[in-house]
Amino acid sequence: MTQPFTEELIAQVGGPDWLRNKRRESLDLFNTLEVPTEGVEAWKYTRVDVDFSELRPHGKRERVTDISALPASVQKRLTSTDVGAYLVLDGPDVVYATELPTELREKGVIFTDLKTAVEQHADKVQQYLYSVVPAEVPDDTTIAAPGTTPSKSPDPSEGKFSALAAALWTNGAFVYVPRGVEVELPLGSFRVMSEAGTYTATRTLVVAEENAQVTFIDEQDSEDLPGTYAIGAVELVIKDGARLRYVSIQNWGKGVTHIQRQRGDVGRDATLNSLVVTMGGTLSRTEMQSYLRGQGSDSEMLALYFANEDQHFDHYTLQHHAAPHAHSDLLYKGVNADQSVGVFSGMIKVDLGAQKTDAYQKHRTLMLSSEAQNYSVPQLEINANDVRCSHGSTTGPVNQEALFFLRSRGIHKELAEKMLVTAFLEDVLSRVPLQSVVKYIEGIIAQKVGAA
Amino acid sequence: MTNQPHQLEIRNLHASVGDQPILKGINLTVPRGELHAVMGPNGNGKSTLAKVIVGDPEYTVTEGEVLVDGVNILEMEPDERARLGVFLAFQYPVEIPGVTIANFLRLAMQARKAEGEEVSFTEFYGKLQSALKTLEWDESIVERYLNEGFSGGEKKRNEILQMLMLDPNYIIMDETDSGLDVDALKIVARGVNSMRGPNLGGLIITHYQRLLDYIVPDKVHIIVDGRVVQSGGPELAKKLDTEGYDWVKQLAVAGA
């Protein structure tokens, strides 16, 4: 195997010694791992056919001082957002940013880019960076009763892309909310790319200290960019009693391959609400993992996606119950049109000590074309004996009875179908109390449904 | 088309579900301006007739015609029939989470407009206000998802709301009275009666006399075993109410 990614790249992305060492180790790991093959359960239905030697890093873009100098799509998006502060990244680095309101800064809230944070908040970054999404694949092997066989450990190749994101990340968002502080308005990051045939590796770190509360919105949007790779890692630290809402909206242009591992470490009585929206790109693999470390912790995991044409969307989820009395509720809804492919692998894992676990998982797919494919693989691994777990998966065309009802009121078949597709996805959004983001997502859905 | 009679005419209609024939030669004519009750024992084809008229794909027409103002609608798509002015108040309206009543009503009204013509806010809102008043319903109801979590009575009321908004020429009410308490029954009847006039014709399908106390039909037809076995005035409904259906079943045997 060729090793196109060399130490030189580390020199370019830089950082203090501890970070450089970490990057070097990660790059070494990357260079020893294969791209996951179909023999790897977690990647069974998704092939990433990438020649790393053909890839170059996305070019750096100049920082601008005025919104009017940003790409048009970003400008448009910024006019309708209600986030309290945001970063704009074009390719590897920040090109524009707004500051947190003074009162939040005075309370000790930090919102900046990760590169800056490494310099200005070294202690915090060093404490948490790589703690939730390390270079290697997290070992979620369940703790089983003595004498019983524990679950299969992950395949090391599942760390291929996270190793890349650990070694070569250029920038991303850093959010830190001190103990007991509640941040009302969401914070956001708008990411674009503008150079085809390149790769971008980014990393986001959100830390909510005890009883803190914050919402972070992670949006990605671009023009069509053939042969372009966006590799990401998102680390969410939710300390005891804290509440974090995390939303990722992937709306890359055609030709983009998006591979991102998003993982939350949820403390005692803490809550992580996540929403994953996948609409863009050609190949998309989004992992959403909740590690329920603390007793009484809670994770709501929502997603919606609409794949058409030749899009291939893979959603991998993990609800890992490591403590008793925790609750997790997953609802993923997706639409597959044309020749698109949808993959959902949902894993519920319950450790030996995690009694009174309450875990739900539901995946529903709407198939709009006989040429589209859907692979839904829900899995349970339960090692405790007093738990409630359920999972279910349904796949089918639009509800014919509902379709007939709408048509019986004079609505044309084509429009009636679109109404039902929209309604199918809308159902997920009704659980998300973020008006402006919901409106934005509805706009993307309408565009996609309209084109289908 | 100007010489065509304004009426709903059903000629020798035969229909089946799968291999099972249900309608075996229905003949009925309802001029605009009249509402006819269709009665009969359960399982004899009343609801099938309703669904066949609006084009439910579950049913296959094997013979006959359904003429709306002289035009055979049996080859038309369900939405075309609706735009022609035929409206079915469903016995079991579906729940569609994710579609608000307001959006649904607006799109249904829009579907009746010529290309390039929009449903104006005043038209929509004016109609809505008046319909909600008739139905004693608060405006907030239209922000809810279509029938989601509605009681049986609310679903029926919602059918009448749609009827009032869409101004049909011919209504078919499929056992709208079933499961309604007397207050809900009165509200539904008020909605229908508010539309009665020379431009509205239709069929009131019911098993019981009850609804017909509030919506007095111009004629009554009795369907047994997929055929109309008796027609008459409103007194026929009263007779069924006191004497039951046994005697009409005899008529079917005699007729067969």
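The exercises below work through confidence, a sheet, a helix pair and a chain contact in a predicted model.

Residues are numbered from 1 along each chain as its sequence is written, while chains are lettered from A and ligands numbered from 1 in the order in which they are written. Because the model is predicted, local features need pLDDT of at least 70 and side-chain atom pairs count only at pLDDT 80 or more, whereas totals for chains, interfaces and linings use all residues.

**Exercise 1.** State the confidence scores of the model and of chain B.

*Solution.* The model scores ipTM 0.95 and pTM 0.89. For chain B, the average pLDDT (the predictor's confidence in each residue, from 0 to 100) is 94, and 98% of the residues score at least 70.

**Exercise 2.** Describe the open sheet of chain B, beginning with its strand order.

*Solution.* Strands (E, at least two residues) and helices (H or I, at least four) are DSSP runs numbered from the N terminus, and two strands pair if DSSP finds at least two bridges between them. The six strands follow the order β6-β9-β10-β3-β11-β12 with mixed pairing. At the edges stand β6 (86-89) and β12 (227-232) of chain B, each with a single partner strand, so one side of each has no neighbour in the sheet. Next, β6(B) runs parallel to β9 (residues 170-174) of chain B and is joined to that strand by four bridges; Ala89(B) has Met173(B) as its bridge partner in β9(B). Finally, α5(B) packs on the sheet, touching β6 and β9 of chain B, and its direction makes about 165° with that of β6(B); such angles run from 0 to 180 degrees between N-to-C directions, with axes fitted to C-alpha atoms, for helices over the stretch in contact.

**Exercise 3.** Characterise the packing of α3 on α5 in chain B.

*Solution.* The axes of α3 (residues 101-110) and α5 (residues 152-166) of chain B are 10 Å apart, and the helices pack at an angle of about 35°. The contact (C-beta atoms, placed from the backbone, within 7 Å) is made by Ile101(B), Leu105(B), Ala108(B) and Met109(B) of α3(B) together with Asn158(B), Gln162(B), Met165(B) and Leu166(B) of α5(B).

**Exercise 4.** Determine how many residues each chain brings to the contact, and which element of chain A gives the most.

*Solution.* Chain A provides 18 residues and chain B provides 20 residues. On the side of chain A that touches chain B, the elements giving two or more residues are α8 (400-407) and α9 (413-429) of chain A, and α9(A) gives the most, with eight residues.

Terms used
Contact = placed C-beta atoms within 7 Å.
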